[in-house]
Amino acid sequence: MGVGTDAGQALLYDIRSNRPLIVKDHQYGLPINTLHFLGQSDLVLTADTKILKIWNQNDGSPVTSVEPPADVHEVTVYPNSGLLFVANEAERIQSYYIPSLGIA
C-alpha cells in the first residue's frame, strides 16, 4: 500500500506493519498528488506539483524523473505502455513516453 503526504513524501507499507518499508522524499515540500504502481514491474510513479518521479518499490532507487513546464495536478499511465499523460496548468494535457516502461 502506498500513501503520499502533504510534506512531499511517498510511503510504502506492508499492511501488517505500522512502519513504512520505504520513504521517498520529493525534496520540494509540496503535497504528493499522484501515486501509481506501474503494472507488472516493481516501479512506482509519484508526483507533486513540480516533478514526476519513477522509482523502484523494493529499494527506493530512482529510475527517472520528469519536470513538466507547468504545475502538475494528476498523472495517468496508459496500461501496459510507457505513455504518461499529465493534467497540468498548461493549455493542453502533456504526454510523455518513457521507453523503459513499455511500448508506445
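This passage describes a nonpolar surface patch and the largest pocket of a predicted model. Local features were taken at pLDDT of at least 70 and side-chain atom pairs only at pLDDT 80 or more, whereas totals for chains, interfaces and linings use all residues. Residues are numbered from 1 along each chain as its sequence is written, and side-chain values use heavy atoms, with hydrogens and water left out.

Met 1, Val 3 and Ile 15 together form a nonpolar patch on the surface, with about 320 Å² of accessible area (Shrake-Rupley method, 1.4 Å probe, only the protein chains shown counting as cover for residues; patch residues have over 30% relative accessible area and no salt bridge, with nonpolar side chains joined within 5 Å). Ile 15 is located in the loop between strand 2 (9-12) and strand 3 (22-25), strands being DSSP runs (E) of at least two residues numbered from the N terminus. With a relative accessible area of 71%, Ile 15 is exposed (over 50%). The C-alpha atoms of Ile 15 and Gly 2, which are 13 residues apart along the chain, are separated by 9.8 Å.

The largest pocket has a volume of about 250 Å³ (an open set of points on a 1 Å grid where a 1.4 Å probe fits, with protein on both sides within 12 Å along at least five of seven lines; lining residues have an atom within 4 Å of a point). Strand 4 (residues 34-38) contributes the largest share of the lining, three residues, and the lining residues include His 36, Phe 37, Leu 38, Tyr 78 and Leu 101. By class, the lining comprises six nonpolar, six polar and no charged residues, with Gly counted as polar.

Definitions and conventions
Patches are made of residues with over 30% relative accessible area and no salt bridge: like charges are joined within 9 Å, nonpolar side chains (Val, Leu, Ile, Met, Phe, Trp, Tyr) within 5 Å. A salt bridge is a side-chain nitrogen of Lys or Arg within 4 Å of a carboxyl oxygen of Asp or Glu. Helices (H or I, at least four residues) and strands (E, at least two) are DSSP runs, numbered from the N terminus. Buried means under 20% relative accessible area, exposed over 50%, partly exposed in between (1.4 Å probe, protein chains only). Grid points are joined across faces, edges and corners, and a volume is the space filled by probe spheres set on the points.
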